[in-house]
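Let's take a friendly walk through a protein model together. Please have your viewer ready, with side chains switched on.

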Amino acid sequence: MTTATGGTSAAVQIAETGGPEVMHLVARPDPVAGEGEMTVDVAAAGVNFIDTYHRSGLYEMPLPVVLGQEGSGTVLDAGPGVDGFSPGDRVAWAGSPGSYAERAAVRAGVAFKVPDGVDLETAASLGVQGLTAHYLVTDCPRIGPGDRCLVHAGAGGTGRLIVQMAKLRGAEVVATVGSDAKVELARAAGADHVVNYSTTDLVAGVEAAVGPEAIDVVYDGVGAAVYDDSLELLRLRGSMVTFGNASGAVAPKAPLHLMGKSLWLTRPKLWDFISTRAELDARAAEVFGWIASGRIEVRVGARLPLSGAAEAHRLLQGRSIAGKILLVP
C-alpha cells in the first residue's frame with residue numbers, strides 16, 4: 001500500500017549541466033512510491049564520480065533531475081509490486097536516481113537490507129563503491145593467490161576497498177596515490193607496494209617495485225591520465241579494467257592497440273553485475289560480512305549537509321579527500 005505524506009522535503013537538483021555551481025537545494029513535494037519503489041527517509045547519500053558525470057553532462061540525463069545514485073535510510077512505505085521490504089526496514093541502495101535528498105523514491109530492485117551491527121553511514125558508503133570493488137575482484141577477472149594487480153587511486157573510496165578485497169583474495173597489490181599522506185592510507189589498507197605518482201614517474205615506480213610488464217590486472221577508475229602507462233605495465237595477456245573517468249574519458253582507440261601483448265580490455269558497469277536479486281543480495285551479504293568481521297574497513301573522509309553538495313563535488317574531483325564523501329540530510 002502506498003501513502004503520501006503531503007509534505008515537502010529538501011533535495012539537490014540541477015536544471016542545467018555544468019560545474020558544481022549548477023546544483024541547487026530545493027524544496028519539493030515528498031516523493032510517492034510508484035510501481036516497484038519504496039519511499040525512504042534518507043540517512044546518508046554517497047557522493048560518487050558518476051554524479052559528477054551526470055552533473056557535467058558527460059552522461060546525459062533528462063533535466064531537471066535530483067542527483068545521487070547511492071544512499072541508505074529507513075523505509076517509510078512500499079509501492080505496488082514491492083516484495084521483501086516493509087516500513088521500518090533499514091536499507092541501502094546502488095543505482096537509484098535522486099538520492100541527494102531528505103526523502104527519496106528508491107527502486108526496490110537495487111536496494112538491499114542493512115544487517116544489525118552495520119550503521120547506516122557505513123552502508124551508504126558501500127552501495128556503489130563496495131559493490132563495485134566486489135564485482136571487480138571477483139569477476140573482472142576473478143583474482144586470487146599468485147595474481148598481481150595494480151589499483152589506481154588506491155587511497156580513494158573505491159580504490160581502497162579494491163586494495164582490501166584483492167588482499168583478502170590473496171593477490172599481491174600495487175597501489176598508486178597522489179600524495180605522501182595517501183601513501184600511508186594505501187599501505188594501511190594492505191597494499192604491498194605504493195607509488196606516489198606526484199613525485200615518481202608512474203611506470204618507473206611500478207617497475208621498481210615489481211619489474212617490467214609484471215602486472216596481471218589493472219583496475220583503473222582514473223581514465224585518460226593513466227591508461228597508456230597501464231597498458232605498458234601489463235604482462236603478456238594481461239587484463240585492463242577501466243571502470244571510471246576521474247581524469248577524463250579515454251580517447252577512442254582502434255582494437256589494434258591491444259595486439260602487441262594480446263591484452264584483454266573491459267569497460268564494465270556495476271548494474272550489469274547486480275542485475276538479479278540473487279546476485280545483489282549475495283554480493284551485499286559478502287561485503288557486509290567482511291565489514292562485520294573487521295576484515296574490511298570503510299573510511300568516511302567527509303560528511304557534509306545537502307547544502308554542501310557543490311563543495312562535496314569539488315572535494316571529490318580535487319582528490320583532496322581520502323575515503324568516502326557523504327551528504328547527510
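What follows goes from the strands and a helix to the empty spaces and then to the charged pairs.

This is a predicted model, in which local features need pLDDT of at least 70 and side-chain atom pairs count only at pLDDT 80 or more, while totals for chains, interfaces and linings use all residues. Residues are numbered from 1 along each chain as its sequence is written, and side-chain values use heavy atoms, with hydrogens and water left out.

Let's begin with a sheet. Helices (H or I, at least four residues) and strands (E, at least two) are DSSP runs, numbered from the N terminus, and two strands pair if DSSP finds at least two bridges between them. Three strands make an open sheet with antiparallel pairing, in the order 2-1-4. Strand 2 (23-29) and strand 4 (65-66) are at the edges with a single partner strand each, so one side of each has no neighbour in the sheet. Seven bridges join strand 1 (residues 8-14) to strand 2 in the antiparallel sense. To find the register in your viewer, look for Thr-8, which stands opposite Pro-29 in strand 2.

Next comes helix 1 (49-56). Is this helix mostly covered or mostly open? Six of its eight residues are buried, where buried means under 20% relative accessible area, exposed over 50%, and partly exposed in between (1.4 Å probe, protein chains only). Those six are Ile-50, Asp-51, Thr-52, Tyr-53, His-54 and Arg-55. They pack against strand 1, strand 2, strand 3 (37-47) and helix 9, with contact meaning heavy atoms within 4.5 Å. Ser-56 also lies in helix 1, but it counts as partly exposed at 35% relative accessibility. Apart from its neighbours within four places in sequence, Ser-56 is in contact with Thr-17 and Gly-18. For a sense of scale, the C-alpha atoms of Ser-56 and Val-210 are separated by 38 Å, with their positions 154 residues apart along the chain. After helix 1 comes Gly-57, whose phi is positive, near 95°.

Now for the empty spaces. Rolling a probe the size of a water molecule over the atoms shows where empty space is left. On a 1 Å grid over the protein atoms alone, a cavity is a set of points where a 1.4 Å probe fits but cannot get out, and a pocket is an open set with protein on both sides within 12 Å along at least five of seven lines; lining residues have an atom within 4 Å of a point. Grid points are joined across faces, edges and corners, and a volume is the space filled by probe spheres set on the points.

The largest pocket has a volume of about 790 Å³. It is lined by 40 residues, and those closest to its centre are Phe-49, Thr-158, Gly-221, Phe-243 and Gly-244. Among the elements that each supply at least two lining residues are helix 1, helix 3 (129-139) and helix 4 (157-168). By residue type, the pocket lining divides into 21 nonpolar, 14 polar and five charged; here Ala, Val, Leu, Ile, Met, Phe, Trp, Tyr, Cys and Pro count as nonpolar, Asp, Glu, Lys and Arg as charged, and the others, Gly among them, as polar.

There are also two cavities of 30 Å³ or more. The largest cavity holds about 60 Å³ of space, and helix 4 gives the most to its lining, with four residues. The lining of this cavity has two nonpolar, six polar and four charged residues, including Arg-160, Glu-297 and Lys-324.

Finally, look at the charges. A salt bridge is a side-chain nitrogen of Lys or Arg within 4 Å of a carboxyl oxygen of Asp or Glu, and the whole structure has 15 of them. In one, the closest N and O atoms of Arg-148 and Glu-172 are 3.2 Å apart. Arg-148 lies in strand 9 (residues 148-151) and Glu-172 in strand 10 (residues 172-177), so this pair ties together parts that are 24 residues apart in sequence. Both partners are partly exposed, Arg-148 at 22% and Glu-172 at 25%.

A shorter-range example is Arg-314 with Glu-311, whose closest N and O atoms are 3.9 Å apart. These two are three residues apart in helix 9 (residues 309-318), or about one helical turn. Lastly, Asp-139, Glu-279 and Arg-283 are linked in a network of salt bridges.
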